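User: Please take a close look at the aromatic and charged side chains of this model. I should like one connected account of how they pair and where they sit.

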Amino acid sequence: KINMSNLLEQRFKTYESNTNYVLLNKVPLIIKAKVKNFNKMVENLPKPSYNIIHIMANTMLYAMKEIQGGIFGFTFNDEIIFVIKNDQNLDSEPWLQNKIQKIVSQVASLLTRGFDKSLSTLDANLDLLGEAIFDVQVFPIPHIGEICNYLIWRQLVCYQQAVQQMAYWNISKKSGIKTANKLLFQKSLEEKKIALLEECSIELDLYYHASYLRGISLYRIPTLIKDNLVKDKWTLNFETPSFIQDKDFLYCILLNNKDVMRVK
């Protein structure tokens with residue numbers, strides 16, 4: 001007698017497994033998340049909104065504490081990046097068996113929960129237009145050196161966005177949209193910074209905080225608790241250095257899975 005239940009289970013399990021893609025083990029992973037409705041959501045807030053910057057940083061921290069193998073986080077604007085290593089020791093197992101669908105769905109859930117908790121604990125009534133909706137992707141990068149290059153690229157994007165946003169917003173606010181378009185159209189970053197200085201007397205690199213210009217990083221620092229007990233403590237760095245100028249900062253953390261150069 002044919003067991004119809006078993007036949008159906010076998011058939012539909014095959015459908016599931018055919019799209020249950022698994023990433024290669026022992027290779028570093030990048031998880032990249034973006035708030036897809038970010039610009040609309042923060043439309044009524046000051047530019048830049050340091051409240052939102054802190055919310056995104058705490059959202060990253062909340063999620064990182066639940067991500068097995070996570071060693072480094074970086075956030076700017078609408079983006080959060082996690083670096084995962086599952087080769088930290090001989091017994092390391094990949095988080096969620098490196099299954100793409102599971103990783104993406106769990107990180108999206110963690111970030112949504114983290115954003116709501118961070119927003120609720122903030123001592124400010126933010127006029128947000130809608131709720132944060134996170135779009136998440138995960139992909140491998142072959143080695144630590146290439147991860148450093150990836151993070152350098154994302155920090156460069158952070159700085160480029162800061163220059164473009166602040167030059168356009170300040171000039172258009174003072175002199176109108178037409179003037180802003182005329183002064184900034186097809187101009188380099190340095191030319192936009194000069195236009196901002198000449199038109200609004202704002203020297204961008206001195207006027208805005210490092211957390212906006214260079215992003216916020218997250219990593220563990222060995223910290224003395226008591227009785228010579230050392231614990232690796234997650235730390236948000238709102239004064240993240242330039243990754244290009246201080247590559248040792250990145251290499252130290254990515255190679256050692258924590259910042260052993262700044263033991264507290």
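Analyst: The account below takes the aromatic pairs, then a buried arginine, then a helix, then the salt bridges.

The model is predicted. A search of the whole structure finds eleven aromatic pairs. One of them joins Phe 72 and Tyr 219: the ring centres are 6.2 Å apart and the planes make an angle of 5°, so the pair is stacked. The two partners come from distant parts of the chain, Phe 72 from strand S2 (residues 70–76) and Tyr 219 from strand S5 (residues 216–224), with their positions 147 residues apart. Phe 72 and Tyr 219 are both buried.

Another pair, Phe 115 with Phe 134, is edge-to-face, with 6.3 Å from centre to centre and 70° between the planes. Here too distant parts of the chain are linked, since Phe 115 belongs to helix H4 (residues 100–121) and Phe 134 to strand S4 (residues 134–140), 19 residues apart. Both of these phenylalanines, Phe 115 and Phe 134, are buried.

Phe 72 and Tyr 219 also take part in a cluster, in which ring pairs link them with Phe 74, Phe 76, Phe 243 and Phe 249. An aromatic ring meets a charge at Trp 153, where the charged end of Arg 154 sits over the ring, 4.3 Å from its centre.

Strand S5 also holds Arg 220. Arg 220 is buried but has no salt bridge. The nearest side chain of opposite charge is that of Asp 232, 5.2 Å away, whereas a salt bridge requires a nitrogen and a carboxyl oxygen within 4 Å. A polar atom of the Arg 220 side chain does lie 3.3 Å from the backbone oxygen of Asn 257. Beyond its neighbours within four places in sequence, Arg 220 is in contact with residues including Gly 70, Ile 71, Gln 88, Trp 234 and Lys 258, as well as Asp 232 and Asn 257.

Asn 257 follows helix H10 and has a positive phi, near 70°. Helix H10 (residues 247–256) has as its buried residues Phe 249, Leu 250, Cys 252, Ile 253 and Leu 254. Phe 249 is also a member of the aromatic cluster. The cover over the buried residues of H10 includes S2, strand S3 (79–84), helix H5 (144–175), S5 and strand S6 (230–237).

Which charged side chains do form salt bridges? The structure holds seven salt bridges. Among them, Asp 78 pairs with Lys 34, the closest N and O atoms being 3.2 Å apart. Asp 78 lies in the loop between S2 and S3 and Lys 34 in strand S1 (residues 29–35), so this bridge ties together parts that are 44 residues apart in sequence. Asp 78 is buried, at 13% relative accessible area, while Lys 34 is partly exposed at 29%. Both belong to a network of salt bridges that also links Glu 79 and Arg 154. Arg 154 is the residue whose charged end sits over the ring of Trp 153.

Another bridge joins Lys 40 to Glu 43, with 3.6 Å between the closest N and O atoms; Glu 43 is partly exposed, with a relative accessible area of 44%. In a further bridge, the side chains of Glu 190 and Lys 193 meet at 3.5 Å, N to O. Both residues lie in helix H7 (residues 189–200), three residues apart, about one turn of the helix. Lys 193 counts as buried, at 16% relative accessibility.

Key: Residues are numbered from 1 along each chain as its sequence is written. This is a predicted model: local features need pLDDT of at least 70, side-chain atom pairs count only at pLDDT 80 or more; totals for chains, interfaces and linings use all residues. Side-chain values use heavy atoms; hydrogens and water are left out. Rings of Phe, Tyr and Trp (its six-membered ring) pair if their centres lie within 6.5 Å; planes under 30 degrees apart count as stacked, over 60 as edge-to-face and the rest as tilted. Helices (H or I, at least four residues) and strands (E, at least two) are DSSP runs, numbered from the N terminus. Buried means under 20% relative accessible area, exposed over 50%, partly exposed in between (1.4 Å probe, protein chains only). A charge sits over a ring if NZ of Lys or CZ of Arg is within 6 Å of the ring centre and within 35 degrees of the ring normal. Lys and Arg count as positive and Asp and Glu as negative; His and the chain ends are not counted. A polar contact is a pair of N or O atoms within 3.5 Å; within protein, one must be able to donate a hydrogen and the other to accept it, and residues adjacent in sequence count only if both atoms are side-chain atoms. Contact means heavy atoms within 4.5 Å.
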